[in-house]
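Hi everyone, thanks for coming. Let me put the structure up, and then we can talk through its charged pairs and its interface.

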Amino acid sequence: MPEENVIIQLSIFVNNEPGRLAAIARTLKESNVNMKAFNLAESAEFGILRAIVDDPEESFEKIRQKGIIVKKTQVIGIVINDAPGSLFDAADVCGREGINIEYGYAYAGKNLSAFFIRVDEPHRAVTALKEAGIALVKGTDI
Amino acid sequence: MAYWNKELETKPKEELQKMQLGLLRNELRTMYDSSKFIHDKMKSVGLLPEDIDSFERFRKVPFMKKTDLRDNYPDNLFVKPYHELVRLHVSSGTTGNPIVVGYTQNDLDNWAESLDRGMTSFGMSKDDILQNFHGYGLFTGGLGVHYAAEKMGVTVLPISTGNTERQIKMMQDLPITSFAGTPSYMFHIADICDQKGIDIRRDTKVRYAIAGGEPWSESMRQKLQERTGIKVHNCYGASEFYGPMFLECNEQDGLHVWADLAYVEVLDRNGDQCADGERGELVVTMLKKEAFPLIRYKIGDISSLTWEKCGCGRTHPRLMRISGRTDDMLIVRGVNVFPSQIEGVIGEFAFLTPFYRITLTNENFMDSMTIDVEIGEDSLTEDTVSIDRMTRSVESRLKDVLNIKAVVHLTLPGSLERFEGKSCHVKDLRRYD
Ligand SMILES: [Zn+2]
């Protein structure tokens, strides 16, 4: 079942202007959107706040209703707390399978540390990673 | 080849120009005597109507501007009392007062005469049936085309704008041969016909269209003709003249501007006359207006005029397609840039919304131009590489069209300020001190 290992990340688009990110962070807080992990990417054009949140579907709706541009993106979480080499192994598996890793970022929780990656073919990646014995985060773990 | 007024339409150029100068002096005399506005204008430069013995001399008469028309709202420029008027039209304005234009019966007759010569020049006759989807009412398009068509015996369906379903039913059920309306509405009709599986070539008898009332391009005409099989004739005018007035003949090579009704100057940046065929600012004088004078009026459009004889045999000058507006022309690094050109490029990319902003800055007297344009929400992606690719493709197309480099910034949907009736905003931050 690859689905349970495909995690919904919210990608929030932020214009590159002073104070814009702070305003969005405040809105998320006021809407009780609880960010578990996040990463901020910046292009020449605009910033993208990538976040793993509680209840992504509900959070997505809350954010959208505030007039903020948000999209859902599928990512995969590689468990790294008990096997430090698993990140390298995961990258190796994807490389051999010809699956492209677009970006990744770390998450450290109370019970779990993980590295979230965005790949071009998430379902195929989950199958390949699992076959290689790599532990993956389930949506319910975080 | 049919003519509406053959003798006049084919008069040699020299005779036409002589007649034009005579009419010009007559009109100036009438307006000098009856319009305080024109009287004061001529007096301010010490000219009497009799002094105007050449077109060069006429160029000493001060311009009339759109602001003059607005400032004299509602009827201060009328030179006839209401009991001599038979109609009023009101132009919509995005800023300030609207412009109210009054017409005598002779004004209406001259207006219709102009359109009748034009419609005849591409083959329309009393055998035709015209579906007029120009708006009827204060806007001049509906009634202007309506009366002109009736006067030449064309059967008119005064359906006006909107209710596309009914428009499409009528053009199939009745033997409609021609359309009049805005090009964008014709595109809309073509789209709906496509959706419904209606082939205009097969399922209707429509052969010609009169398209105007908004800026449009030659490539739009080609597209419209290819899609519909209808020969589409450009039409130009303004309520300040009378309304839509000048049409293209069968040759589709410029609008025939009737020399006995209007005198059109094309001027360069210094106010000197441009050479035949050279692009410049249009200044329009109406030669037979009765109720509302229009002398050396800066309409704000850019185009060129040629006296070269048309392939159809008509000798009157031809006005080329309007290629820009004076009020929004920008000069960047010495190159003329029209927002309409930028708009055209933006329209070519499905991933952009129509909203954009032009920012001009300079450093060491070197101008730079930045264009912020919104990406459509559906095309927005996390993938910064493809965002970058989109930006580069817009920049490269702009370079081709404008001949100068513009820096493009894609911004998020909804992030650019919206202005009433305008999708563009120009921010000129250049300093010259
Ligand atoms: Zn012609």
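**Salt bridges and the A–B contact**

Let's start with Asp33(B), which is exposed, with a relative accessible area of 54% (exposed means over 50%, buried under 20%, partly exposed in between, using a 1.4 Å probe and protein chains only). Its partner in a salt bridge is Arg29(B), at 3.0 Å from N to O; the term means a side-chain nitrogen of Lys or Arg within 4 Å of a carboxyl oxygen of Asp or Glu. Arg29(B) is partly exposed at 30%.

A word on conventions: this is a predicted model, where local features need pLDDT of at least 70 and side-chain atom pairs pLDDT 80 or more, while totals for chains, interfaces and linings use all residues. Side-chain values use heavy atoms, without hydrogens or water, residues are numbered from 1 along each chain as written, and chains are lettered from A and ligands numbered from 1 in the order written.

Elsewhere in chain B, Lys36(B) pairs with Asp40(B) in a salt bridge at 2.7 Å. Here Lys36(B) is exposed at 63%, and Asp40(B) is partly exposed at 35%. There is also a salt-bridge network linking Glu113(B), Arg117(B), Asp260(B) and Lys288(B).

So how many salt bridges cross between chain A and chain B? The rule finds one: Glu382(B) with Arg50(A), their closest N and O atoms 2.8 Å apart. Over all chains, the count comes to 40.

As for the contact itself (heavy atoms within 4.5 Å), chain A and chain B each bring 15 residues.
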